Amino acid sequence: MTIKRTESRIDLDAYANEGDWLTADIATGFTQFDPNPDSLPSQKTIVKLLYDNEAIYVFAHLHDTSPDSILRELTLRDNTGNADWFSISFDSYRDGQNSLSFAVTSAGVQLDVKYSNQGEDSTWDAVWDSKVRIGEDGWYVELKIPYSALRFSDSNEQLWRMQIMRNIRRHRQTNFWNRMDPNIDGFVNQFGVLEGLENIKSPLRLSINPFVIGYVNTVKDPEANPEKDSGTAWGAGMDLKYGINDAFTLDMALIPDFGQTQSDNQVLNLGPFEQFFEERRPFFTEGTELFSKGDLFYSRRVGGTTFRSAELADNETIVNEPAVTQLYNALKLSGRTFKGTGLGFFNAVEAQEEAIIVNDNGEEREEIVNPLTNYNVFVVDQNLPNNSSLALVNTNVTRQGSFYDANVTGLQGNFRSKNQTWGLDVFGAVSQQFYEDETERGGAYAVELGKISGKWQYNAYANVESDTYDINDLGLLFSNNEFSYGASWQFNQFTPTKKLNRYNINGQIRFERLYRPNAFTATSFNLNTFFFTKKFFGFGFFTGGQPIDAHNYFEPRTGDFETFSKVPAFQYIGGFLSSDYRKTLALDVNVVMGNSYSRGVRYRNYRVSPRWRVNDRILLTLAGNFELGKNQIGYVNRNGYDDDIPEIGSDDILYGLRDRYTWNNSFSARYVHSNTASATVFIRHYQDRVRWHDLGKLNDAGWTDPIAFDGIVDNVPVFDRNVNIFSLDFQFTKRFAPGSDIIFFWKQQIFGSDEEFERNYFQNLIGLNDHFRTNSVSLRIVYFLDYQRIEALRKTPY
């Protein structure tokens, strides 16, 4: 397609009355991608493009023979919901791997997405304008995408790649301007071509988002004090975005505040590994696709929990110990040159934190639990022919004082054949931890080769991690010391059959051993299916398991890789279904049932999630999940009860069987008043009841030798747990100017662990008021200041 320059002023009204629209080239010839690839669309689509020195303008007439049937649910930004949508994407460097996409729904909701070979990033937000209207013969879209929202070279003549998409929600139909082949791996590599852009310049890209925030916080601990404590706080900071040149952008967060981030979904963790928490802080989710190369960067390490806990003498207690660290600032510098070289640099500085400790004589001291810390991530990613790439990643953590430092360097390569049929992925990394008198090094490497396109796809892989490989200072690795290999396959039916729109069947087999010593750990397999009917009803079945007893070297918590406990061989089966989300009422159901081949281990998981779209503004979702584990063998934390277990020596490991009953229920509601005002609420209650029985000593065979101790001390089962975690997050957002918001946030959290083991779920729910709770109410005002808009206002005559 050829785009033409306009000298006229374009008014964004979705009418396209300006004369230049009459002579603009027309993009037609759309084809279906889903549900029936290569078929003609059910409705006609016409798209025109113009440009000037400031922006690219897009006008689309989305014909519809039944305009009253156009779905137009109002949603939050970056969410299509139950509505038609239109999008245009630009690959301005023609690398076939990276693009920027701008979309708008029939309800006028904007979406913008960064696509890369790492996936899609919908958290990226640009400032651009759109207008939508519904007419007698369909709906109309007009977009103004300023050059400040795009990235392109400084060439006088530009040649871009482009894709246009339209989704007709009531038909679950997606149409593309340039044909998309579902048998070919990749999205951006199947774009069309946009010609005609000449003499455009990337403007000065400079914007700041100063903010002020105020808090009212309360804490109530019924066991310690029947009265609640309260206090206030306030803060200010600023986010800055600066375009260093046409390709690279600097993002800075100065004195950031993340108090309005949604609560983490905490659980009772009985395993040997830490819990993974999803990143929800905007600065760490936007524009981070380069930093995810190699999976060496886990951003929750930055500004997270303290580096260590305070060390106490027998006569000391902690008066105050910070749970999280203060982040002074953070910055990201990232971009990609015209030759396809991506560069990324991340830096953050974390404050020193001290715990206050007092002894029995009243003497007070301070102990550093988190030193002043500097975090760095550096990435070089080179695009190669055939949608291939090669990336170098380095992460570094420097701590002030006598605390150790850490560094990890990794190399990742993704290579594709010319026809995108075959893929070879390789990875290698070296970790280093620098102590005062020694350096500990470890390494890892992986290779995967497979057929990545077509109906039949398959691959084989191998992964090696040494026993000293450790990336957890700035990354996340649950377990090292692993040698695993396996193979997987899948069959994809992309074109409709008599009763199905599409379906997928896939399977995998995996073998695992320790790296050192070379010892067996596990063998596993799985088989999965997914079917999508012509009534837009999804369902599937799956099975898998471990055909022989596994050896778990991590559960005993010894760290010597000689002691292990056995996990009985087992198999699970399950299924799921998902009804049509276009309907007012929809339902998701998931069931998993597993049994061991011996020793009576049982596992059940039931999940039911109904959705009710009350109208085009209100959506209610309930998710209920119940998980049951019977006779699960596991490590028992003695919790200081050594003297009550004379049969267990200091070198023995206490094990037992546990029955675990876990409820994890949530409710969410969303009310979108308009494109500029919305309210959301998310409520979650997690209840976990653990009962231990058949305690014993772990023996050399990986099973337990029974002991007489039954876990009862003073008529109390001291190892049993009854845990309740409750969170409520309410947010109201009002956008009063482009990029500028007023945000009201109420966050409540309740945590309790008691000995009420006979309580049922509803009794635990009612009893939440008896537990420790915190409340935080905050108001944040953010204002967006952009150099281009300031200049436009300055030049506007009064």
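This is a short dialogue about how to read some features of the structure above.

Q: What should I know before I start?
A: You're looking at a predicted model, where local features need pLDDT of at least 70, side-chain atom pairs count only at pLDDT 80 or more, and totals for chains, interfaces and linings use all residues. Residues are numbered from 1 along each chain as its sequence is written, and side-chain values use heavy atoms, with hydrogens and water left out.

Q: How many helices and strands does the chain have?
A: Helices (H or I, at least four residues) and strands (E, at least two) are DSSP runs, numbered from the N terminus. Here you get 4 helices and 47 strands.

Q: What does the radius of gyration say about the chain?
A: That radius is taken over C-alpha atoms, and we hold it up against the globule rule, 2.2 Å times the number of residues to the power 0.38. The chain comes out at 29 Å, close to the 28 Å that the rule gives for 798 residues, so it is as compact as a globular protein of that length. Along its principal axes, the C-alpha trace spans about 90 × 65 × 55 Å.

Q: How much of the chain is buried?
A: Buried means under 20% relative accessible area, exposed means over 50%, and partly exposed is in between (1.4 Å probe, protein chains only). Buried residues make up 50% of the 798 residues here.

Q: And which residues touch T306?
A: A contact means heavy atoms within 4.5 Å. T306 sits in the loop between α2 (282-285) and β18 (316-320). Leaving aside neighbours within four places in sequence, T306 is in contact with P322, A323, V324, T325, V369 and N370. T306 counts as buried, at 15% relative accessibility. For the whole chain, take the contacts with a separation of 6 or more: residues 24 or more positions apart account for 63% of them.

Q: Which strands pair with β4?
A: Two strands pair if DSSP finds at least two bridges between them. Strand β1 (residues 4-5) runs parallel to β4, with 2 bridges, and R5 has Y51 as its bridge partner in β4. Strand β2 (residues 26-27) is antiparallel to β4, also over 2 bridges; there, I26 partners K48. Then comes strand β5 (residues 55-63), antiparallel to β4 over 7 bridges. K48 stands opposite F59 in β5, and I46 has H61 as its partner. β4 and β5 make a hairpin with 3 residues between them.

Q: Is β4 buried or exposed?
A: Strand β4 (residues 45-51) has 7 of its 7 residues buried, so it is largely enclosed by the rest of the structure. Look at both faces: T45, V47, L49 and Y51 are on one side, I46, K48 and L50 on the other, and all are buried.

Q: What about β5?
A: In β5, 9 of the 9 residues are buried, so that strand is largely enclosed by the rest of the structure. A55, Y57, F59, H61 and H63 point one way, while I56, V58, A60 and L62 point the other way. β5 also pairs with strand β11 (residues 138-146), antiparallel, through 9 bridges; Y57 has K144 as its partner there.

Q: Where else can I see a hairpin?
A: Try β35 and β36, which form one with 6 residues between them. Strand β36 (residues 585-596) pairs with β35 in the antiparallel sense over 9 bridges, and G575 partners V591 in β36. β35 (residues 570-578) is also joined by 9 bridges to strand β32 (residues 538-546), again antiparallel, with G544 opposite Y572.

Q: How many aromatic pairs are there?
A: Rings of Phe, Tyr and Trp (its six-membered ring) pair if their centres lie within 6.5 Å; planes under 30 degrees apart count as stacked, over 60 as edge-to-face and the rest as tilted. By this rule there are 47 aromatic pairs. One of them is F491 with Y503, tilted, at 6.0 Å centre to centre and 40 degrees between the planes. F491 is in strand β29 (residues 482-493) and Y503 in strand β30 (residues 500-513), 12 residues apart. F491 is buried, with a relative accessible area of 15%. Ring pairs also link W456, W489, F491, Y503, F531, F537, F539 and F541 into a cluster.
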